[in-house]
Structure formats: structure tokens, C-alpha cells
Amino acid sequence: MRTTLTATQGTILAAIRALTAEQGHAPTLREIADRSGLSSPATVSRHVKILTDDGYLDRTPGIQRSIRLTERAENRAMAPSVHKALTLSVEHANARVHDLEGKLADQRDKTRKARAQSRTLRAAIARVRRLHAPHQTYPWALPDPNGSDHTCINCGHDTDSSADMHPRDDRGDVLCTATGLLPATCAHCADADGNPLPWPCLTSEALGPYA
Ligand SMILES: [Zn+2]
Ligand SMILES: [Zn+2]
């Protein structure tokens, strides 16, 4: 029983080891030939016969996919060629992983930027929306809240005897709640005379459904 392996035989053992690990079952002669860079399954078959005789491989004659490494092959220190084949294969896998990780990082970066952009945009829209919010109030009851005439110009009641109907707003103006709220106006938009424009104004209509 020989203890040295040729480079080709080392490569074949490495190929069988790798293919078995990858597929979860034994490879065919064709698969071993492809992986080892050998011209034909017949060449592989010849080497497999030698490796089997030398106790590196075990196979059930006539059964497809029955080639497996023996304990002798598993325990044997890897021949330089085997080591090289495995190293190349690992290097290839590592390069691929590195490449994919790079792509993934790029994607994450793009997603992060898009999210930040979207957040900025939404915040800007929200600011504009708050600015152009609908404003609703009651009509004024008195042209001069500090004057002597306390008769409501809106409903005609005396604002002192019907104070619950005529509250003061935060600027001290007396309002009349008898006839309900005035139509909504934009809190921001005004005409040339400074009178508020009806809501929805052009800006809030232009924002449409964007939140
Ligand atoms: Zn009134
Ligand atoms: Zn507006």
C-alpha cells in the first residue's frame, strides 16, 4: 500500500471531499472529472481504482454515487495539491462573500439615504401643512369692545346679559357664538388687504394627499 499521492490523485481526493460536502452525497465520476479539470470520467475511473486499492477510497461496485473517502484519506495530512485545491476553493468563496457583502453594504447605504431624504421631505411638507392649517373662528360681536354700546352686531342681543354666548378671544375681542363658526380660512394666506383667504388655500390643495 503506497503512502504517497500524485498531484492528480490529491486533486481528485480534494474534489471528492468538496463535492460530497457541497452536495450532501457522493459525486459521480463526471462531476469529479469536471471539478478536477480532468479530461474524462475514464481518467478519473482509473485513478479512483488506484486510490481504492491504496485504501484512500471506498466504493460499492456497480452502484452510482458510492465513492467516499476512507478514514485513511480523511486522517492523512493533506498533500500540497489537495491543500492548494481547497485553498483556491475557499479563496474563491471568500472573494464571492466579500463581493456580496460589498453589494449589500451599498444597498443598505442607498436605503439609508433614501429614508433620510424621505424623512426630510415629510418634515418639510408637515411644516408647510401646519403653516397653511384651517383656521375657524366666530364672528365679532362688538366693533369696539371698550365702547359703551354692548349690543351684538351679529345677533342683536346684549353681550353683557348673554355673556355665555359672547366669550372673549385671546386678543380681548368679544365674539358671537349665536350663529356658529365662520367658514374656515387659511392661517397663512391673505389677500392684498390682509384678509385671510378661504381654506383649503392653493398651497394646501397642491400638497394633496402627501402627509
Ligand atoms: Zn351675538
Ligand atoms: Zn394657505
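Colleague: Which residue of strand 5 does threonine 185 stand opposite, in what is a predicted model?
Modeller: Strand 4 covers residues 185–190 and is joined to strand 5 by 2 bridges, the two strands running antiparallel. Alanine 190 of this pairing stands opposite proline 196 in strand 5. For threonine 185, the residue that stands opposite in strand 5 is proline 198.

Colleague: Which residue stands opposite threonine 185 of strand 4 on the side of strand 3?
Modeller: Strand 3 is also antiparallel to strand 4, and 2 bridges join them. The residue that stands opposite threonine 185 in this pairing is histidine 135.

Colleague: In what order do the strands of this open sheet come, and which of them stand at the edges?
Modeller: The open sheet is formed by 3 strands with antiparallel pairing, and their order is 3-4-5. Two of the strands have a single partner strand each, so one side of each is left without a neighbour in the sheet. The strands that stand at the edges are strand 3 (134–135) and strand 5 (196–198).

Colleague: What is the phi of glycine 194, which lies in the turn of the hairpin?
Modeller: The hairpin is formed by strand 4 and strand 5, with 5 residues between them. Glycine 194 in this turn has a phi that is positive, at about 90 degrees.

Colleague: Is glycine 180 buried or exposed?
Modeller: Glycine 180 is placed in the loop between strand 3 and strand 4. A residue counts as exposed if 12 or fewer other C-beta atoms lie within 10 Å of its own. Because glycine 180 has 9 C-beta neighbours inside 10 Å, the class that applies to this residue is exposed.

Colleague: How many Å separate the C-alpha atoms of leucine 142 and leucine 175, which are 33 residues apart along the chain?
Modeller: Leucine 142 also has its place in the loop between strand 3 and strand 4, and with 19 other C-beta atoms within 10 Å it is partly exposed. Leaving aside neighbours within four places in sequence, leucine 142 is in contact with Gly147, His150, Ile153, Thr159 and Val174. Between the C-alpha atoms of leucine 142 and leucine 175 the separation is 7.6 Å.

Colleague: Which helix gives the most residues to the largest nonpolar core?
Modeller: This core has 17 residues, and those that touch the most other members are Ile12, Leu13, Ala15, Ile16, Ile32, Leu51 and Leu57. The elements that give two or more residues to the core are helix 1 (7–23), helix 2 (29–36) and helix 3 (41–53). With 6 residues, the element that gives the most is helix 1.

Colleague: With which residues is alanine 15 in contact, once its neighbours within four places in sequence are left aside?
Modeller: Alanine 15 is one of the residues that touch the most other members of the largest nonpolar core. Beyond its neighbours within four places in sequence, alanine 15 is in contact with Ile32, Arg35, Ser36 and Ala85.

Colleague: Are helix 2 and helix 3 roughly parallel or roughly perpendicular to each other?
Modeller: The axes of helix 2 and helix 3 come within 8 Å, and they cross at roughly 100 degrees. Angles of 65 to 115 degrees count as roughly perpendicular. Helix 2 and helix 3 are therefore, with respect to each other, roughly perpendicular.

Colleague: How many charged residues take part in the contact of helix 2 with helix 3?
Modeller: Helix 2 brings Leu29, Arg30, Ile32, Ala33 and Ser36 to this contact, while helix 3 brings Pro41, Thr43, Val44 and Ser45. By class, the contact holds 5 nonpolar and 3 polar residues, and the number of charged residues is 1.

Colleague: Against which helices do the buried residues of helix 2 pack?
Modeller: The buried residues in helix 2 are Ile32, Ala33, Arg35 and Ser36. These residues of helix 2 pack against helix 1 and helix 3.

Colleague: Which residues of helix 3 meet helix 1?
Modeller: The axes of helix 1 and helix 3 come within 10 Å and cross at roughly 90 degrees, which makes helix 1 roughly perpendicular to helix 3. The residues of this contact divide into 4 nonpolar, 3 polar and no charged. From helix 1 come Thr8, Gln9, Ile12 and Leu13, and the residues they meet in helix 3 are Val44, His47 and Leu51.

Notes. Residues are numbered from 1 along each chain as its sequence is written. Chains are lettered from A and ligands numbered from 1 in the order in which they are written. This is a predicted model: local features need pLDDT of at least 70, side-chain atom pairs count only at pLDDT 80 or more; totals for chains, interfaces and linings use all residues. A nonpolar core is a set of buried Ala, Val, Leu, Ile, Met, Phe, Trp, Tyr and Cys residues joined through C-beta atoms within 7 Å. A residue is buried if 20 or more other C-beta atoms lie within 10 Å of its own, exposed if 12 or fewer, and partly exposed in between; C-beta atoms are placed from the backbone. Helices (H or I, at least four residues) and strands (E, at least two) are DSSP runs, numbered from the N terminus. Two residues are in contact if their C-beta atoms, placed from the backbone, lie within 7 Å. Axes are lines fitted to C-alpha atoms, for helices over the stretch in contact, and angles run from 0 to 180 degrees between N-to-C directions. Angles under 35 degrees count as roughly parallel, over 145 as roughly antiparallel, 65 to 115 as roughly perpendicular and the rest as oblique. Ala, Val, Leu, Ile, Met, Phe, Trp, Tyr, Cys and Pro count as nonpolar, Asp, Glu, Lys and Arg as charged, and the others, Gly among them, as polar. Two strands pair if DSSP finds at least two bridges between them.
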